[in-house]
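I opened the notebook to look up a few places in this structure one at a time. The entries follow in the order I made them.

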Amino acid sequence: MAIRKIVTMGDEVLNKKCRPVTDFNQRLHDLLDDLKDTLAEAQGVGLAAPQVGILRRAVVVLDEEDHPIELVNPEIIFQEGEQTGPEGCLSVPGKFGMVTRPDHVRVRAQDRFGNWFEAEGTELTARCFCHELEHLDGHLYVEHIDHFLTEEELAEYYRQQGYDIEEGQED
Ligand code: ZN
């Protein structure tokens, strides 16, 4: 297991469509382990293979209990509702933009051994599923925004949400 370098916006690897995973071998397991380590190190909520330069359809998303879910060849099979909030990306460090996403998402994916399963999430987890799956098709959240939020706009958003800024955005 290892921490891999996260590529940032401007690197063309982030704009390419990823190929499906066909071999559920040690190489894939190493990739998934590294994605989890790299995500934990970066203190993010999700990370997609292209963000570490690998054009394969694999992502890791933290669930509502902050446990990593490994999703190989994932697809969204159900979505409902709507949420609008600040979104960021480890490949666009230090920036946020307001993005509207479904509020409830269910995905179908394979695990590291090739077994199909379903996972679902609401709120931040639903947002994260959408965000990470878009990475697999070469898209970044910045395509959904008209500007990056200023610090004042971000602080104002959290104030309106009733968060205590001093303690961060976690509830
Ligand atoms: Zn991202």
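The entries below go from the metal site to a pocket and then to single residues.

**Entry 1: the model.** I noted before anything else that this is a predicted model.

**Entry 2: the zinc ion.** Which residues coordinate the zinc ion? I found Cys89 through SG, His131 through NE2 and His135 through NE2, at 2.0 to 2.2 Å. Along the chain I wrote the spacing of these donors as C-x41-H-x3-H. I then looked up where the two histidines sit, and both His131 and His135 are in helix α2, which covers residues 123–135. They are 4 residues apart there, about one turn of the helix. I also checked exposure: His131 and His135 are both buried.

**Entry 3: the second largest pocket.** I read off a volume of about 300 Å³ for the second largest pocket. How many residues line it? I noted 13, with Arg27, Leu28, Leu31, Ile54 and Arg56 lying nearest the centre. Sorted by class, the lining has 6 charged, 5 nonpolar and 2 polar residues.

**Entry 4: Ile54.** I followed up Ile54, which is one of the residues nearest the centre of that pocket. Ile54 lies in the loop between β1 and β2. Its relative accessible area is 27%, so I entered Ile54 as partly exposed. Setting aside neighbours within four places in sequence, I listed Arg4, Cys18, Leu31 and Ala49 as the contacts of Ile54. I also looked up the separation from Phe96: 42 residues along the chain, and 24 Å between the C-alpha atoms.

**Entry 5: Arg57.** Is Arg57 buried or exposed? I found a relative accessible area of 14% for Arg57, and the limit for buried is under 20%, so Arg57 counts as buried. Arg57 is placed in the loop between β1 (46–48) and β2 (58–62). What does the side chain of Arg57 reach at 3.1 Å? I noted the backbone oxygen of Cys18. The side chain of Arg57 also makes a polar contact of 3.2 Å with the side chain of Asp137. Cys18 and Asp137 both appear in the contact list of Arg57, which leaves aside neighbours within four places in sequence. That list further holds Lys17, Arg19, Pro20, Val21, Leu71, Val72, Asn73, Pro74 and Leu136.

**Entry 6: Val60.** I went on to Val60, in strand β2. Its relative accessible area is 0%, so Val60 is buried. Not counting residues up to four places away in sequence, Val60 touches several leucines, namely Leu32, Leu35, Leu39 and Leu47. The rest of its list is Lys36, Val45, Gly46, Pro68, Ile69, Glu70 and Glu132. For a distance I took Val60 and Tyr158, which are 98 residues apart in sequence and 26 Å apart from C-alpha to C-alpha.

**Entry 7: Glu70.** Glu70 is one of the residues that Val60 touches, and I looked it up next. Glu70 lies in strand β3, residues 68–80. At 13% relative accessibility Glu70 counts as buried. Which side chains make polar contacts with the side chain of Glu70? I found Lys36 at 2.7 Å and Arg112 at 2.8 Å. Beyond neighbours within four places in sequence, the contacts of Glu70 include Leu32, Val59, Val60, Gln110 and Phe117.

**Entry 8: Gln79.** Strand β3 also holds Gln79. I entered Gln79 as partly exposed, at 47% relative accessible area. Gln79 and Pro102 are 23 residues apart in sequence, and 6.1 Å separates their C-alpha atoms. Leaving aside neighbours within four places in sequence, Gln79 is in contact with Pro102, His104 and Val105.

**Entry 9: two positive phi values.** Why did I look these up at all? Most residues other than glycine have a negative phi. Gln43 has a phi near 55°, and it lies in the loop between α1 (26–42) and β1. Its relative accessible area of 72% makes Gln43 exposed. Glu123, also not a glycine, has a positive phi of about 50°. I found Glu123 in helix α2, and at 54% relative accessibility it counts as exposed.

Methods:
Residues numbered from 1 in each chain as written. Predicted model: local features only at pLDDT ≥ 70, side-chain atom pairs only at ≥ 80, totals over all residues. Heavy atoms only, no water. Donors = N, O, S within 2.8 Å, 3.2 Å for Na, K, Ca; no water. Buried < 20%, exposed > 50% of the residue type's maximum accessible area, 1.4 Å probe, protein only. 1 Å grid on protein atoms, 1.4 Å probe; cavity = no way out; pocket = protein on both sides within 12 Å on 5 of 7 lines; lining within 4 Å. Points joined across faces, edges and corners; volume = space filled by probe spheres on them. Nonpolar A, V, L, I, M, F, W, Y, C, P; charged D, E, K, R; others polar. Polar contact = N/O pair within 3.5 Å; in protein donor to acceptor, adjacent residues only side chain to side chain. Contact = heavy atoms within 4.5 Å.
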